[in-house]
Amino acid sequence: MRDSATAPIDVSAIAFIDLAAQRARIGARMDAAIARVLAHGGFIMGPEVAEVERKLTQRSGAKHVISCSSGTTAIVMALMARDVGRGDAVFLPSFTFTATAEAPAILGATPIFVDVLPDTFDLDPASFERAITVAKQTGLRPACVMPVDLFGQPADYDAIDAIAKQHGIWTLGDAAQSFGAYYKGWALGTCADVTATSFYPSKPLGCYGDGGALFTDDDETAKRLRQVRIHGQGHDRNENVRIGLTGRFDSIQAAVLLEKLAIFDDECNARNAIAARYTAGLKDVVTTPNVRRDCTSVWAQYTVVSPRRDRIAATLQAQNIPTAIHYLKPIHGQPPYRGFPVTPGGLPVTERLSQEVISLPMHPYLTAEAQARVIAAVRAALA
Ligand SMILES: *Cc1c(COP(=O)(O)O)cnc(C)c1O
């Protein structure tokens, strides 16, 4: 037992992401919503799934929303619906979660790794443009670019799309971390030809298991996505019109999501206020995240950059404050991906960021007191 008289600072645990605090707020309504699904028994694609797709349509402004079983499945489904496969180049950042690169690789397409911008961590349009040359030189068809809205901030869709359209490339937005954010006033879901998101529990909008969704304004893509979601089914279950998979969303997760959507805007506001406090408290000692003036972020992570990030991690750990490194090892250096091409000029920003980034506790229920402890600890680490 520790003697409290010798422990002047509060070392009680701070959660990196606090789902328990959210449960304390809406747990009773959530339990009732889940109980309704248990009572009606329509576990897969039940009425809650239709309702959540309707709500997500409203929230995003996209013409079509297709819910599905995970964010990774969403990306795979989008590529399948648009017939991406062997011989196709898919351009994407290496500084992202593995799933972004995994999806094209599963389908036999070739991921080509592109660098990111140092201030927003999102895809660098100039690096993307250089990568298109590599694809053509190696006999690949430039097919698709995947801007990733890293840590919750939209990529620069207009700049990326302008280059993509010149080369007949379509855009697949990986909005797994960013659903709810706005790009030039547009909600994510309308900024790329197809947008994929994830409802993994720790994402800004998460369910209590796996889930995801796809957004598009294109009727033909939407039709194909609905087919892919249920094994390529056509008019009925006796007809298969294309190769698909088990991509369906389940009703319990949809019920959870409906309750969370009801407080989502409020939570996004709280995340913004917390991010602003971090930035005010830390901007003179580390590089704080830069949100472009025409964008908002949903702050999936609050990630700072410092050449002394290992010192920050150790100091915070000693004070019982959790941190995380997103991403310690960029994808292009991981064994299964080493054979895939990298954009000319390489990935210097990606390499540096992987050495210098550190993510601090971030969730809508982080109190000002807890946050002051985090800020003080970071400052002490660098003093
Ligand atoms: C979480 C995540 C995914 C995958 O989502 P899952 O629902 O976990 O399959 C894809 N891309 C990015 C950038 C992510 O953060």
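**Contacts, cores and cysteines**

Visitor: What makes the pair formed by the ligand and the side chain of aspartate 174 a polar contact?

Guide: A nitrogen atom of the ligand is 2.8 Å from an N or O atom in that side chain, and a polar contact is a pair of N or O atoms within 3.5 Å (within protein, one must be able to donate a hydrogen and the other to accept it, and residues adjacent in sequence count only if both atoms are side-chain atoms), so the pair qualifies. This is a predicted model, in which local features need pLDDT of at least 70 and side-chain atom pairs count only at pLDDT 80 or more, while totals for chains, interfaces and linings use all residues. Residues are numbered from 1 along each chain as its sequence is written, and side-chain values use heavy atoms, with hydrogens and water left out.

Visitor: Which residues are closest to the ligand, and what distance does the side chain of threonine 72 show?

Guide: Of the 14 residues that surround the ligand (each with a heavy atom within 4 Å of it), the closest are Gly71, Thr72, Asp174, Ser198 and Lys203. An N or O atom in the side chain of threonine 72 is 2.5 Å from a ligand oxygen, and for glutamine 177 the corresponding distance, again to an oxygen of the ligand, is 2.8 Å.

Visitor: How do you know whether cysteine 191 and cysteine 295 are bonded or unbonded?

Guide: A disulfide is a pair of cysteine sulfur atoms within 2.5 Å, whereas the sulfur of cysteine 191 lies 8.5 Å from its closest cysteine sulfur, that of cysteine 295, which is too far for a bond. The count of disulfides is therefore zero by this rule.

Visitor: Why is each of these cysteines classed as buried or exposed?

Guide: Buried means under 20% relative accessible area and exposed over 50%, with partly exposed in between (1.4 Å probe, protein chains only). Cysteine 191, at 16%, therefore counts as buried, and cysteine 295, at 9%, is buried as well.

Visitor: What makes helix α8 largely enclosed?

Guide: Helices are DSSP runs (H or I, at least four residues; strands are E, at least two), numbered from the N terminus, and 10 of the 11 residues of α8 are buried, so the rest of the structure largely encloses this helix. Its buried residues, among them Gln253, Glu259 and Lys260, pack against α1 (19–40), α2 (47–60) and α9 (264–282), contact meaning heavy atoms within 4.5 Å.

Visitor: Which residues touch the most other members of the largest nonpolar core?

Guide: A nonpolar core is a set of buried Ala, Val, Leu, Ile, Met, Phe, Trp, Tyr and Cys residues joined through side-chain atoms within 4.5 Å, and in the largest one, with 48 residues, Leu56, Phe91 and Phe128 touch the most other members. Helix α8 (residues 251–261) gives the most to this core, with five residues. At least three residues come from each of domain 1 (24–261) and domain 2 (264–382), bounds that rest on an automatic or database domain assignment.

Visitor: Why is valine 305 called buried or exposed, and what does it touch?

Guide: Its relative accessible area is 6%, so valine 305 is buried. This residue belongs to strand β10 (residues 302–305), and, leaving out residues up to four places away in sequence, valine 305 touches Phe121, Val286, Thr287, Arg352, Leu353, Glu356 and Val357.
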